[in-house]
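Grab your viewer and work through these exercises at your own pace. Try each one before reading its solution.

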Amino acid sequence: FGSHCIARPNCVAMAALKALEANLAKDTQANYVMAEYVWIDGFGGLRSKTKVITGVTLPATIESLKARLPVWNFDGSSTGQAPGEDSEVILKPQAVFRDPFRGGSNIMVMADCYTPAGEPIPTNTRAGASALFAKKPEEEPWFGIEQEYTLFKDGTPLGWPRSGARSMGPCVQLGFPGPQGPYYCSAGADVCFGRPISDDHMHACLYAGINISGTNAEVMPGQWEYQVGPCVGIDSGDHMWMSRYIMLRICEAHGVTVSWDPKPIPGDWNGAGCHTNYSTKAMREQDNSYETIMKPMLANMEKKHMEHIAVYGEGNDKRLTGAHETAPIDKFSYGVANRGASVRIPNDTAKHGKGYFEDRRPASNIDPYLVTGKIFQTTVLDLA
């Protein structure tokens, strides 16, 4: 068996990789780290490339490496962010995380994009959000975002039937899985599909230093959710975007595709959202803030409802129908413990008169920089 295996190309490659891993593990002369720069492209996706930083004393801390991170650049004409005749886009490091894929002192860097003259390019939504939060840092806005997503394999959601193949006679298309009901927070091979991916993603985020706080299977089979937060201000967008990058890498390793589409399957199936839980320092700490602070905030959110919808995700009209635990896209509402409202007030917030609320309108494909900045502007800056 051994000699037969060595003659096979994939076995030779695996042996070579194992030898490489052993050599790297024993390397005592390394003086470098790899920094994976990650940025948002012109289509709302994520790109990355690796910068090798030499002359590093290992092991190195994130704080010591931050000072070594250079401003970098890339070809924006290949990412929908610059014309070919003036294609250089500048990458500025903003948030640094441990690299769960390379391990050691290697890092991942959330960067944003600028022109060579130093101006944020149009797709750089981080710069605008950061400027909004900087106006009133004493408000200490907390965000907890619930990222829903759907896993696909060969164009079909995980756990969904494809066809019944027969050696003789036609194949039979089996159609849809059983109705929604048994899949939410489920266990068992007949109802739970994709747990290894969810678990791998959670472990990788924890290693990276992302403030992931939980995960669960969702209502539609093949659909999952993880929660990031609470994060303060701009950190929420940084942690969310890097968590998505890690999910893409985990799915890449599993040979599965992740979809952030808010309505990946039409019909009587739940959509996918990014429910955004929100509070300020005064909301959390001031007695009777539900009446004196939150209700004026909610009144202004109602006035600005369609402005919020405009940045709450593409295709959200297919999700916000008034069914499947959503409010209609053209109407604003709020209610205590009401998952059919635009904004849900938790029972504890109503009971104690202070706390937080949950904006249930954002879709799964939101730009969290835009959404967190818009909520802060409507609830704090516009009312100042």
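**Exercise 1. Find where His324 sits, then decide how accessible this residue is and what is unusual about its backbone.**

Step 1: His324 falls in the loop between α9 (305-310) and β12 (334-336). Helices here are DSSP runs of H or I with at least four residues, strands are runs of E with at least two, and both are numbered from the N terminus.

Before going on, some ground rules: this is a predicted model, where local features need pLDDT of at least 70 and side-chain atom pairs count only at pLDDT 80 or more, while totals for chains, interfaces and linings use all residues. Residues are numbered from 1 along each chain as its sequence is written, and side-chain values use heavy atoms, with hydrogens and water left out.

Step 2: With a relative accessible area of 24%, His324 is partly exposed. The cut-offs are under 20% for buried, over 50% for exposed and partly exposed in between, using a 1.4 Å probe and protein chains only.

Step 3: Now the backbone: phi of His324 is positive, near 55°, and this residue is not a glycine.

**Exercise 2. Do the same for Asp154: is it buried or exposed?**

Step 1: Look in the loop between β6 (142-153) and β7 (156-157) for Asp154.

Step 2: Asp154 counts as exposed, because its relative accessibility is 63%.

Step 3: Asp154 also has a positive phi, about 55°, despite not being a glycine.

**Exercise 3. Track down two cis peptide bonds and place their prolines.**

Step 1: One cis bond runs from Leu58 to Pro59, with omega near -5°. Pro59 belongs to the loop between β2 (46-54) and α3 (62-66).

Step 2: Another runs from Gly229 to Pro230, with omega near 5°. Pro230 is part of strand β9 (residues 223-232).

**Exercise 4. Work out how helix α6 packs against helix α11.**

Step 1: Start with the geometry. The axes of α6 (residues 235-254) and α11 (residues 368-379) come within 8 Å and cross at roughly 155°. Axes are lines fitted to C-alpha atoms, for helices over the stretch in contact, and angles run from 0 to 180 degrees between N-to-C directions.

Step 2: Name the arrangement. α6 is therefore roughly antiparallel to α11 (under 35 degrees is roughly parallel, over 145 roughly antiparallel, 65 to 115 roughly perpendicular, the rest oblique).

Step 3: List the contacts, meaning heavy atoms within 4.5 Å. From α6, Ser236, Gly237, Asp238, Met240, Trp241 and Arg244 meet Pro368, Tyr369 and Thr372 of α11.

Step 4: Check burial. Ten of the twelve residues of α11 are buried, so the rest of the structure largely encloses this helix. Among them are Val371, Ile375 and Phe376. In α6, 14 of the 20 residues are buried, so that helix is largely enclosed too.

**Exercise 5. Now bring in helix α5 and compare its angle with the cut-offs.**

Step 1: The axes of α5 (residues 195-208) and α6 come within 9 Å, crossing at roughly 135°. That makes α5 oblique to α6.

Step 2: On the α5 side, the residues are Pro196, Ile197, Asp200, His201, Ala204, Cys205 and Ala208; they meet Ser243, Ile246, Met247, Ile250, Cys251 and His254 in α6.

Step 3: Look at the spacing within each list. An α-helix has 3.6 residues a turn, so residues three or four places apart point the same way.

Step 4: Finish at the end of α6: just after this helix, Gly255 takes a positive phi of about 70°.
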